[in-house]
Amino acid sequence: MHDAAPPPPTPAKTSAPISVRDAGKKRLRCPTCLESVTPGLELCPECDEPLAASKSLKAGATTAKAPSWLSLHWRPLVTGLAMAGVLATGIALRSLAPGRFLPPRAASRSPTVVTPTCTSPCWHGEACQVGQCVWQKPNDVGHLGEQPLVTGPFALPKDVSDALPLDADRFALALLTGIEVHDARTGALLTLVSDAPQIKGLYRVGEHLYATSPQRLYVVDAASMGLQKTIDLGAMVGQVSVGANGRRALVSLPSAHAVAILATEYHAEIDRIHFGDDPVGPMGVDDTGTRALGTTGQVPLPGLRDPAGGAVYAFDPSRLASQQDRVRTSMLGNPVSVLMTPEGSASYVVLRAEDALVPLEWLPSGAVRRRERIQTCDEPEQIELVRRGRRALVRCHEGRALEVFDLAKGELARHIPFNGRATDLVVTPDGEQALVTLTGDGAGSLAIVDLESYAVKLLPLSGEPKRVRLTPDGRMALVFSDWAKVAWVVR
């Protein structure tokens, strides 16, 4: 009897890959990425996460149910349906718009609104509004207050020849020893610029001071009072005139019968224009810097007569001296002051000996034509421009008055009398006030004229003032007496 045959050996477990058919029967879902994987693995081959549930599953166990397509793609489906709904709504509203398919109608003609323009060019500081040039007050300038306060008098050195306020806290003096800077509240000496000796006059040119000496011109920084440059002109220096743009300065040289043209950007003489045998004195220049007038008159010393004769030269400071058409116009009557309108179309010359104001018309060729003279008060010595309202102010020394001329109409607008001889005149930068120094019988005062109502307010002073100067903002005035050698500060 034969023994029973032994059972066939159980095949050993191997790591051979499972066939595709077996894999399809014994696969499960990864609990992390939901991908189908083979049971028995510790890490998912798709996301490398542990298959904790696979160890407890036996062969043949049922696999997890696969998620549906809608559960995996519902978000982009909802987004697409929302965008399609918005697009469909827009198309429907556009189709339902009233008159959508009507032919386009011709555009109705609306009346064209024409803004009036100014017939003449506006001046520097004006703007064209409804066909008229209107003065625009700058934001950084002003005038003296309603109740001005006088500080002083401050005693000055005996050799002082000119004074100029620098700012609200300082003023400068022109001396033989140099330029002294004093405190505007106490009058105390602050510093001395000894590098600029024998100073005769002080002029404000932008952020600098031009100090004139017998044959030199010193350029001083107004903030630090440091000497920047010395310009040797080689002749007796007269007056300095600066245009509104500030790019060129004209310096009269009476002994050399010429005018020096200075460039204020780098403070140097760029040209010199000669005028025959006539000594050139007071000058005037327009805002463009292309038209200027030079006169030969001068105010005589007290007790002396006016010099006989006189002439006016018309020239172009922007051209070279070799290209100049120096037009000489005889002007008998001692022309001591000149005014150029900002656009350069007209000029006015003051004749001190004739008590008259002579208008000059500029021709396209560069020549000037005299118009009928206008009679003024006695001994007119100075004319100043008031841009606000296009007016001119004429100061009469012996006539003890201030006359206002309308430049647009060419006629006298107002005569303002004073109780003393008028020795100097300045206009505030905003065109609101005119300051006039008055002297008489050993005393004096400062007249503050309101240029809108022409009301006059007098500030009594303890001496006879001769000159008045303003700070660049117009809110402080320095009144100076070179006879009594004192100064007052008015705020």
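This passage describes two sheets, the disulfides and the largest nonpolar core of a predicted model.

Two open sheets are considered here. Strands of a sheet pair through backbone hydrogen bonds, in either a parallel or an antiparallel sense. One open sheet is built from four strands in the order E6-E7-E8-E9. Its pairing is antiparallel. Strand E6, residues 162–165, stands at one edge, and strand E9, residues 189–193, also stands at an edge. Each has a single partner strand, so one side of each is left without a neighbour in the sheet. From one strand to the next, the twist averages 20°. Strand E8 covers residues 179–183 and pairs with E9 over four bridges. These two strands are antiparallel. Histidine 182 has leucine 189 in E9 as its bridge partner.

Another open sheet also has four strands, in the order E14-E15-E16-E17. Here too the pairing is antiparallel. The edges are held by strand E14, residues 240–242, and strand E17, residues 268–274. Both edge strands have a single partner strand, so each has one side without a neighbour in the sheet. The twist averages 25° from one strand to the next. E14 is joined to strand E15, residues 248–253, by three bridges. The two run antiparallel. Valine 240 stands opposite valine 251 in E15.

The cysteines come next. A disulfide is a covalent bond between the sulfur atoms of two cysteines. Three disulfides are counted in the model. Cysteine 118 bonds to cysteine 128, with the sulfur atoms 2.1 Å apart. This link is right-handed, with 110° about the S-S bond. The pair links distant parts of the chain, ten residues apart. Cysteine 118 sits in the loop between helix H2 (69–95) and strand E3 (126–129), and cysteine 128 sits in strand E3 itself. Cysteine 118 has 18% relative accessibility and counts as buried, because the cut-off for buried is under 20%. Cysteine 128, at 39%, counts as partly exposed.

A disulfide also joins cysteine 122 and cysteine 133, whose sulfur atoms are 2.1 Å apart. With -80° about the S-S bond, this link is left-handed. Cysteine 122 lies in the loop between H2 and E3, and cysteine 133 lies in strand E4, residues 132–135, so the pair ties together parts that are eleven residues apart in sequence. Cysteine 122 is partly exposed, at 29% relative accessibility. Cysteine 133 is partly exposed as well, with a relative accessible area of 23%.

The remaining disulfide joins cysteine 377 to cysteine 396. Its sulfur atoms are 1.7 Å apart. The link is right-handed, with 80° about the S-S bond. Distant parts of the chain, 19 residues apart, are linked by this pair. Cysteine 377 is in the loop between strand E26 (374–375) and strand E27 (380–386), whereas cysteine 396 is in strand E28, residues 391–396. Cysteine 377 is buried, with a relative accessible area of 7%. Cysteine 396 is buried too, at 0%.

With the bonded cysteines numbered in sequence order, the pairing reads 1-3, 2-4, 5-6. Cysteine 30 is in no disulfide. Its nearest cysteine sulfur belongs to cysteine 44 and is 3.7 Å away. A disulfide requires sulfur atoms within 2.5 Å, so this pair is not counted. Cysteine 30 is buried, at 0% relative accessibility. Cysteine 44 is likewise in no disulfide. Cysteine 44 is buried, with a relative accessible area of 1%.

The largest nonpolar core comes last. In soluble globular proteins, nonpolar side chains tend to be buried together. The largest nonpolar core of the model holds 17 residues. Leu339, Tyr348, Leu357, Ile383, Ala392, Phe405 and Leu407 touch the most other members. Strand E22 (335–340), strand E23 (346–351), E27, E28 and strand E29 (401–406) each give two or more residues to this core. Isoleucine 383 has several contacts beyond its neighbours within four places in sequence. Among them are Leu339, Tyr348, Leu357 and Ala392. Isoleucine 383 is also in contact with Ser337, Val338, Val350, Leu393 and Val394.

Technical notes
Residues are numbered from 1 along each chain as its sequence is written. This is a predicted model: local features need pLDDT of at least 70, side-chain atom pairs count only at pLDDT 80 or more; totals for chains, interfaces and linings use all residues. Side-chain values use heavy atoms; hydrogens and water are left out. Two strands pair if DSSP finds at least two bridges between them. Axes are lines fitted to C-alpha atoms, for helices over the stretch in contact, and angles run from 0 to 180 degrees between N-to-C directions. Buried means under 20% relative accessible area, exposed over 50%, partly exposed in between (1.4 Å probe, protein chains only). A nonpolar core is a set of buried Ala, Val, Leu, Ile, Met, Phe, Trp, Tyr and Cys residues joined through side-chain atoms within 4.5 Å. Contact means heavy atoms within 4.5 Å.
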